[in-house]
Each structure stands twice: as C-alpha cells, then as structure tokens.
Amino acid sequence: MGETIFSKIIRKEIPADIVFESENVLAFKDINPQAPVHILIIPKIEIRRISDLDMKKHGYLLTEIFDVANKLAKDFQISEEGYRLVFNCGSNGGQEVEYLHLHLLGGRQMKWPPG
Ligand code: AMP
C-alpha cells in the first residue's frame, strides 16, 4: 500500500499531538478539528480502510480501538454528554487518508444527517 502521513506519525517522523499509545494503537488530535474534541485512533499495522478488515485476524484491534475511544471520551470529559465515532470508508464515504482511522468527536451538539 502507498505510504500515508499516518505511517509517518506512527514512526514519529512527523509531529502529532499524541494522546494515547499502546503496542497496537495510536491516538492523536486531528490537525483540523471539527469539534472541540477531535481525536483520530489508528492501528499501528497498516490497514487501508474498514472494508479491508478481516475480523478473524483484526478483531482484537477493533476491540482495542473502541476501548481507547471510550477511555479518551472519559479522559476528555465528553463521555456523559455524548460523542460521535466515525469511520469514513472510500471516496463516497469522505475518506481522505487511506489508512484506517476512527474519528472521536465531541464537545458540541452533533447534527444528523451528516454532510
Ligand atoms: P478522513 O477524511 O476520514 O480520511 O479523515 C482524515 C483526517 O486526518 C482529517 O480529519 C484530517 O484533518 C486529519 N489529518 C490529516 N493530516 C493530519 C496530521 N498530520 N495530523 C493530524 N490529523 C491529520
């Protein structure tokens, strides 16, 4: 797969505001936040998009990604009021960076339907 900016963030070749790191997962603040809290949570192994996931192989990663999202929601004090978790998939899904990432958005009232 082609190199993306997120691979460089994992390798610490470019700076990011990292808020969580484990053996399998990295979370950092979105550079162009769409809400008062906007964090991206990514696996450390390269997976392009949600449709490339093989749950038998990658299920543990999804579990950790969602656990980290819920932990960070508590850490950033948006858990009680609520928040939004988003995976964009492919061009119609609005995915710009071809490296699987979960958006954690909160701190304001979300709207529906999304744009
Ligand atoms: P998506 O449209 O779902 O692919 O989201 C990609 C997200 O990555 C966007 O919200 C961008 O603002 C964010 N982004 C791009 N480059 C960086 C970066 N260097 N550090 C943090 N976030 C970034």
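Me: What makes Asp-30, Gln-34, His-38, Asn-88 and His-103 stand out among the residues that line the largest pocket?

Reply: In this predicted model, 32 residues line the largest pocket, and those five lie nearest its centre. To count as lining, a residue needs an atom within 4 Å of a pocket point. The pocket's volume is about 900 Å³.

Me: What makes helix 1 worth a look in the lining of the largest pocket?

Reply: Helix 1 gives the largest share of that lining, 3 residues. Other elements that give two or more residues are strand 2, strand 3 (37-43), strand 4 (83-86) and strand 5 (102-106). Sorted by class, the lining holds 16 nonpolar, 10 polar and 6 charged residues.

Me: Where does the ligand sit?

Reply: The ligand is found in the largest pocket. That wording is used because more than half of the ligand's atoms lie within 2 Å of the pocket's grid points.

Me: Which residues come nearest to the ligand?

Reply: There are 16 residues around the ligand, and Asp-30, Asn-88, Glu-96, His-101 and His-103 come nearest. By class, this shell has 7 nonpolar, 6 polar and 3 charged residues. Helix 1 supplies the largest share of the shell, 3 residues.

Me: Why is the pair between Asn-88 and the ligand called a polar contact?

Reply: Let's set the value against the cut-off. An N or O atom in the side chain of Asn-88 is 2.8 Å from an oxygen atom of the ligand. The limit for such a pair is 3.5 Å, so this one is a polar contact. His-103 also passes the test, because a polar atom of its side chain lies 2.8 Å from a ligand oxygen. With Val-97 the partner is a polar backbone atom, 2.9 Å from an oxygen atom of the ligand.

Me: How much of the ligand does the protein bury?

Reply: Taken alone, the ligand exposes 500 Å², and the protein buries 85% of that.

Me: What makes Lys-12 unusual, given its phi?

Reply: Most residues other than glycine have a negative phi. Lys-12 is not a glycine, yet its phi is positive, about 65°. You can find Lys-12 in the loop between helix 1 and strand 1 (18-21).

Me: And which kind of peptide bond, cis or trans, runs from Trp-112 to Pro-113?

Reply: That bond is cis, with omega near 5°. For comparison, most peptide bonds are trans. Pro-113 belongs to the segment after strand 5.

Definitions and conventions
Residues are numbered from 1 along each chain as its sequence is written. This is a predicted model: local features need pLDDT of at least 70, side-chain atom pairs count only at pLDDT 80 or more; totals for chains, interfaces and linings use all residues. Side-chain values use heavy atoms; hydrogens and water are left out. A residue is near a molecule or strand if one of its heavy atoms lies within 4 Å of it. A polar contact is a pair of N or O atoms within 3.5 Å; within protein, one must be able to donate a hydrogen and the other to accept it, and residues adjacent in sequence count only if both atoms are side-chain atoms. Accessible areas come from the Shrake-Rupley method with a 1.4 Å probe; for residues, only the protein chains shown count as cover. On a 1 Å grid over the protein atoms alone, a cavity is a set of points where a 1.4 Å probe fits but cannot get out, and a pocket is an open set with protein on both sides within 12 Å along at least five of seven lines; lining residues have an atom within 4 Å of a point. Helices (H or I, at least four residues) and strands (E, at least two) are DSSP runs, numbered from the N terminus. Ala, Val, Leu, Ile, Met, Phe, Trp, Tyr, Cys and Pro count as nonpolar, Asp, Glu, Lys and Arg as charged, and the others, Gly among them, as polar. Grid points are joined across faces, edges and corners, and a volume is the space filled by probe spheres set on the points.
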